[in-house]
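Please open the structure in your viewer and keep the sequence panel visible beside it. The tour proceeds by selections, each followed by a description of what is found there.

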Amino acid sequence: MSMEVKVLGITESGDEKKLKSTLGGQLYTIPQSLIWTAKGYGWQAMATAAVAALVVRPSTVAMATLFNNSGNKNYVIDRAFAHNLVGAANSVYGLWLCVHPVGMTAPTNDITVRNSNSGKSAGTEGIFDNGATVNDNGWFPWGKSGHTVTVTTPGEQLEAEIGGRIILPPTAAISLHVVADVTGATFTPGFHWFAVPEAELGVN
């Protein structure tokens, strides 16, 4: 004996809706990041001045820091990146990230413009600081390293695809630096994130 089953979904407003599928019975699904982009939650910010990479492990000075000053949103970090503006011959370099816990003192807002990922007007979500003095809460390498064989200016780009594996509640922050094996390479860093209301995504 067979039994037909209808699957219902609950909308954000509490209404029941029938879930649609393909002819083969597969449910339609779309990435959560696409939904957040359509809602206008996606933002990017980037430094306009290049900063030299370190040749030691980062500690208390960051190349760039993103601070959550929203009060009622969680910042879901999608990616961190840096552009090699001035190259150095035979250099290898990589991104390092540090997450600062809730309660951090807000840094200076050096970069005020936030580019919208959904084609809306530029916003001012969050605080973005270049060269902030921060607590060393633990730095870790993220993403693949880059390299330059001969001097080409500008050079390549570094990217760490975080994909939501770092989330910043209000008053938390994330810092970025680049570590290289030679001096002279400079970078302009940035972040891409989603500012998601706590009602949609809570952090326990």
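## First stop: strand β3 and its partners

Strand β3 pairs with strand β8 (residues 115-116) in the antiparallel sense, over two bridges. Please bear in mind throughout that this is a predicted model.

Select residues 42-46, which make up strand β3. Four of the five residues of β3 are buried, so the strand is mostly covered. Now add residues 115-116 to show β8, and look at Gln-44, which stands opposite Asn-115 of that strand.

Next, select residues 186-197, strand β13. Five bridges join β13 to β3, and the two strands run antiparallel. Which residue of β13 is the bridge partner of Trp-43? Show the side chains, and the partner is found to be Trp-193.

## Second stop: an aromatic pair

Remain with β13 and select Phe-194, then add Trp-36 from helix α1 (residues 32-38). The structure holds four aromatic pairs, and the rings of Trp-36 and Phe-194 form one of them, with their centres 5.6 Å apart. Why is this pair described as tilted? The ring planes stand at 50 degrees, and the tilted class takes in what is neither under 30 degrees (stacked) nor over 60 (edge-to-face). The pair links distant parts of the chain, as Trp-36 and Phe-194 are 158 residues apart.

Are these two residues buried or exposed? Residues under 20% relative accessible area count as buried. Trp-36 has a value of 10% and is therefore buried, and Phe-194, at 3%, is buried as well.

## Third stop: salt bridges

The model contains four salt bridges, and three of them are visited here, beginning with Arg-57 and Asp-136.

Select Arg-57 and Asp-136, whose side chains meet with 3.1 Å from N to O. Arg-57 is in the loop between β4 (51-52) and β5 (64-67), and Asp-136 is in the loop between β9 (127-130) and β10 (139-148). The two residues are 79 residues apart, so this contact links distant parts of the chain. Arg-57 is partly exposed at 42% relative accessibility, and Asp-136 is partly exposed at 35%.

Move on to Glu-125 and Lys-73, which form a salt bridge with their closest N and O atoms 3.2 Å apart. Glu-125 lies in the loop between β8 and β9, whereas Lys-73 belongs to strand β6 (residues 73-86), so the pair ties together parts that are 52 residues apart in sequence. Glu-125 is buried, with a relative accessible area of 14%, while Lys-73 is partly exposed at 24%.

Stay on β6 and select Arg-79, together with Glu-159. The side chains of Glu-159 and Arg-79 meet in a salt bridge of 3.1 Å, N to O. Glu-159 lies in strand β11 and Arg-79 in β6, so parts 80 residues apart in sequence are tied together. Glu-159 is partly exposed at 37%, and Arg-79 is partly exposed at 21%.

## Last stop: the backbone at Thr-171

Finally, select Thr-171, in the loop between β11 (157-168) and β12 (173-180). What is the phi of Thr-171? The angle is near 70 degrees, a positive value in a residue other than glycine. Most residues other than glycine have a negative phi. Thr-171 counts as partly exposed, at 30% relative accessibility.

Note on methods: Residues numbered from 1 in each chain as written. Heavy atoms only, no water. Buried < 20%, exposed > 50% of the residue type's maximum accessible area, 1.4 Å probe, protein only. Pairing = 2+ DSSP bridges. Phe/Tyr/Trp six-rings, centres within 6.5 Å; stacked < 30°, edge-to-face > 60°.
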